[in-house]
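Subject: The structure I promised you

Hi,

Here is the structure we talked about, handed over for you to explore. Open it up, turn it around a bit, and then read on.

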Amino acid sequence: MIYMDEEDEFKSYEEKLLQYGEKLSKALIEFAPNLRIIKFSGYDFKFSLKTLEFLLENWKGQTAISIITSDPVYEKEEYMKIINKYKNDGVIKDFKCIINSDDYLYDHEMLM
């Protein structure tokens, strides 16, 4: 019988979230002409740095996207470097990381 400790379970869960993020990025690119806002938490998927860069690079030429998340990982320096690069390039219109769940759920400012 194989036993997994909490660290192994977390790593496996984290890997699944990254896989879901990769699959989602490809679907988002396919439907780019119809999207203006991407809003997500960190519970269902995560974009790795590579996947985020892939998504945004392939978004070029589309209408600028607004991104809203409640996952603080995207405020880390390495993510913000990519986000700011694509904001400067006009790929990202707006980026918000809203940690407070009530504000995240009901933030309509970027929806206008």
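Below is what turned up in it, going from the overall layout to single residues.

Before you start, keep in mind that this is a predicted model.

**The overall layout**

The chain contains four helices and three strands. Walk along from the N terminus and the elements come in the order α-β-α-β-α-β-α. There are 112 residues in the chain, and 35% of them are buried. Now look at contacts between residues with a separation of 6 or more: 80% of those come from residues 24 or more positions apart.

**The sheet**

The three strands make an open sheet, in the order 1-2-3, with parallel pairing. Which strands stand at the edges? They are strand 1 (37-40) and strand 3 (92-97); each has a single partner strand, so one side of each has no neighbour in the sheet. On average, neighbouring strands here are turned by 10° against each other, if you ignore direction.

Strand 2 covers residues 65-69, and five bridges join it to strand 3 in the parallel sense. If you want a spot to look at, find S66: it sits opposite D94 in strand 3. Another residue to click on is T69, also part of strand 2. Is T69 buried or exposed? Its relative accessible area is 0%, so it counts as buried. T69 and F95 are 26 residues apart along the chain, and 8.2 Å separates their C-alpha atoms.

**Helix 3**

Next, try helix 3, which runs over residues 77-88. You can do a little check on its length: at 1.5 Å a residue, its twelve residues should span 16 Å, and the end C-alpha atoms are indeed 16 Å apart, so the two agree.

Which residues of this helix are buried? They are Y79, I82, I83 and Y86. Look down the axis of helix 3 and you'll find its buried residues within an arc of 95°, so they line one face of the helix. Helix 2 and strand 3 are among the parts that cover these buried residues. Turn to the face that points away from the buried side of helix 3, and you meet the exposed residues E77, K81 and N88. After helix 3 comes G90, with a positive phi near 85°.

**Salt bridges**

How many salt bridges are there? The count comes to four, and here are some of them.

One is between the side chains of K46 and D71, at 2.4 Å from N to O. This pair links distant parts of the chain: K46 is in the loop between strand 1 and helix 2 (49-59), while D71 is in the loop between strand 2 and helix 3, 25 residues apart. K46 and D71 are both buried.

Another salt bridge brings together the side chains of K85 and E53, at 3.2 Å from N to O. Why does this pair tie together separate parts of the chain? K85 belongs to helix 3 and E53 to helix 2, so the salt bridge connects parts that lie 32 residues apart in sequence. K85 is partly exposed, at a relative accessible area of 39%. E53 counts as partly exposed too, with 26% relative accessibility.

A further one joins the side chains of E57 and K60, with 3.2 Å from N to O. E57 has 36% relative accessibility and so counts as partly exposed. K60 is partly exposed as well, its relative accessible area being 39%.

**One more residue in helix 2**

Finally, have a look at T51, which you'll find in helix 2. T51 is buried, with a relative accessible area of 7%. What does T51 touch, leaving aside its neighbours within four places in sequence? It is in contact with G21, E22 and S25.

That's the tour. Have fun looking around, and write back with anything you'd like to go through together.

Cheers

Conventions
Residues are numbered from 1 along each chain as its sequence is written. This is a predicted model: local features need pLDDT of at least 70, side-chain atom pairs count only at pLDDT 80 or more; totals for chains, interfaces and linings use all residues. Side-chain values use heavy atoms; hydrogens and water are left out. Two strands pair if DSSP finds at least two bridges between them. Helices (H or I, at least four residues) and strands (E, at least two) are DSSP runs, numbered from the N terminus. Axes are lines fitted to C-alpha atoms, for helices over the stretch in contact, and angles run from 0 to 180 degrees between N-to-C directions. Buried means under 20% relative accessible area, exposed over 50%, partly exposed in between (1.4 Å probe, protein chains only). The expected span of a helix is 1.5 Å times one less than its number of residues. The arc is that of the directions from the helix axis to the C-beta atoms. Contact means heavy atoms within 4.5 Å.
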